[in-house]
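Thanks, everyone. I'll walk through a few helices and a few backbone oddities, and then take comments.

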Amino acid sequence: IDLTELKRNERRLRRNEALLAEAQAIARLGSWEWTLSDNGIKWSDTLYEIFGVARGSEITYDFFLNFIPKDDRERVDCAVRRAVNKGESYNIDHRISLPGGEEKIIHEMGVLRHDESGNPVRMVGTAQDITLLKQIEQNLIEERGKLQLMLKYLSLQAEVAAWLNSQNTIQDIIGLVLEKISRQLAIQAACFFRIEENSGGSIRLFKSFLSESGHPLCSEEKITASSGYLLKRLRSGNALNLSVHSAADRRTISNYFGGRDCSLLCCPLTVGGEVKGFICFGRRKPKAWDRTEEEVLGTLSGMIAGAWEREHHFLARLDAERKQTQAVRMAEQAVRVASIGVLAGGVTHEINQPLN
């Protein structure tokens, strides 16, 4: 018997099977066949690898369900039952828990097959490990969220900069700036403190904003009393994120929010190389500030400090111009007085000569 063609077909079949297995391994995709009569399931080699099961192990539907966490198991079983009993399509994503504790995400698709009488006899389909794809998708969502957040922060910074540049004095605009920052970043309180050099370096609450009128700050005396403690820690020029672990921090937070579980972020205002004041931002939950918010609020505080420094230079220039104008006026008056004296002396001399 000439077996040449038969052997050639066998080699072609083995090669195709090898290519299929290689493609499934690369795509992390396996095939399965579920026989409804005996509840047995046949897996391809890739599925054994995905589920972490030794090749050749006996697989049943119940054995497969045990890999699925309880909060996903009922959803998968209902989808399978609807596919078998109602002919609905089986297309679902679910998690599996491997024996070693690793968790994966599987995408499954299945098609129901019938016999000549139209009765369902088996179900065939594929299962693909999409854990990496889901991680990439989640990372993209997180990055998109971060980008949108950064755009929001940049828009806020641009608006604050426009407001600060539109006024010559901090007093004219700081209230609106604190309100804008607080509402955009969901901050419940913002307090602006400045050091009064004319009062021996005392600290005064210059401006404050509260987003919750029903929960006011504590008295200004208590707040000012704790501001000296904050100023000492802010002399380094870095923002201060108060935690609730330190007793001094708890007292400071209590002075601001009446003992509630809150957190403070304090940013120094450096003018002319010295800390001339600071801003305290408060939220009504502990440990509320992340690294990005610290950087953003630090940048905004630096912009306010820059506007304050420009105001300082502007007022210093006005004072210098006023003193210069006053000096010129005094010099002109002295010249006029001297001219009158010379004139009076000349007249007196001209009168005294004939009299003599």
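Let's begin with the burial in helix α4. Its buried residues are Asp72, Val76, Ala79, Val80, Ala83 and Val84. One caveat before I go on: this is a predicted model.

Where do those residues sit around the axis of α4? They span an arc of only 130°, so they lie on the same side of the helix. Recall the general rule. An α-helix has 3.6 residues a turn, so residues three or four places apart point the same way.

Now flip α4 over. On the other side, Lys70, Asp71, Glu74, Asn85 and Lys86 are exposed. Back on the buried side, the packing partners are β1 (29-35), α3 (61-65), β4 (90-97), β5 (103-114) and β6 (120-129).

The geometry of α4 is regular in length. The helix runs over residues 70-86, which is 17 residues. From first C-alpha to last, α4 reaches 24 Å, close to the 24 Å expected at 1.5 Å a residue. Right after α4 comes Gly87, with a positive phi near 75°.

Stay with positive phi for a moment. Two residues that are not glycines have it as well. Asn39 is one, with a phi of about 65°. Asn39 belongs to the loop between β1 and β2 (40-43). Is Asn39 buried, exposed or partly exposed? Its relative accessibility is 25%, so Asn39 counts as partly exposed. For a cut-off, buried means under 20%. Ala186 is the other, with a phi of about 55°. Ala186 is found in the loop between α6 and β7 (189-196).

Next, helix α9, residues 291-355. How far does α9 reach? From first C-alpha to last, 95 Å, over 65 residues. That is close to the 96 Å expected at 1.5 Å a residue.

Which residues of α9 are buried? Among them are Glu293, Glu294, Val296, Leu297, Leu300 and Ser301. Met303, Ile304, Ala305, Ala307, Trp308 and Glu311 are buried in α9 too. The cover over them includes α5 (131-166), α6, β7, β9 (240-242), β10 (263-271) and β11 (274-283).

Let me take two of those partners in turn.

Partner one is α5. The α5 and α9 axes are 10 Å apart, at an angle of about 10°. The two helices are therefore roughly parallel. From α5, the contact residues are Met150, Tyr153, Leu156, Gln157, Val160, Ala161, Leu164 and Asn165. From α9, they are Thr292, Glu293, Val296, Thr299, Leu300, Met303, Ile304, Ala307 and Arg310. By class, the α5 contact with α9 has 11 nonpolar, four polar and two charged residues.

Partner two is α6, residues 170-184. Here the angle with α9 is about 175°, and the axes are 11 Å apart. That makes α6 roughly antiparallel to α9. On the α6 side, Ile170, Ile174, Val177 and Ile181 make the contact. They meet Leu297, Leu300, Ile304, Ala307, Trp308 and Glu311 of α9. The class count for α6 against α9 is nine nonpolar, no polar and one charged.

One last residue, also in α6: Leu176. At 46% relative accessibility, Leu176 counts as partly exposed. Its C-alpha is 8.9 Å from that of Phe209, and the two residues are 33 apart along the chain.

That's my tour. Comments, please.

Key. Residues numbered from 1 in each chain as written. Predicted model: local features only at pLDDT ≥ 70, side-chain atom pairs only at ≥ 80, totals over all residues. Heavy atoms only, no water. Axes fitted to C-alpha atoms, helices over the stretch in contact; angles between N-to-C directions. Helix = DSSP H or I, 4+ residues; strand = E, 2+ residues; numbered from the N terminus. Parallel < 35°, antiparallel > 145°, perpendicular 65-115°, else oblique. Contact = heavy atoms within 4.5 Å. Nonpolar A, V, L, I, M, F, W, Y, C, P; charged D, E, K, R; others polar. Expected span 1.5 Å × (residues − 1). Buried < 20%, exposed > 50% of the residue type's maximum accessible area, 1.4 Å probe, protein only. Arc of directions from axis to C-beta.
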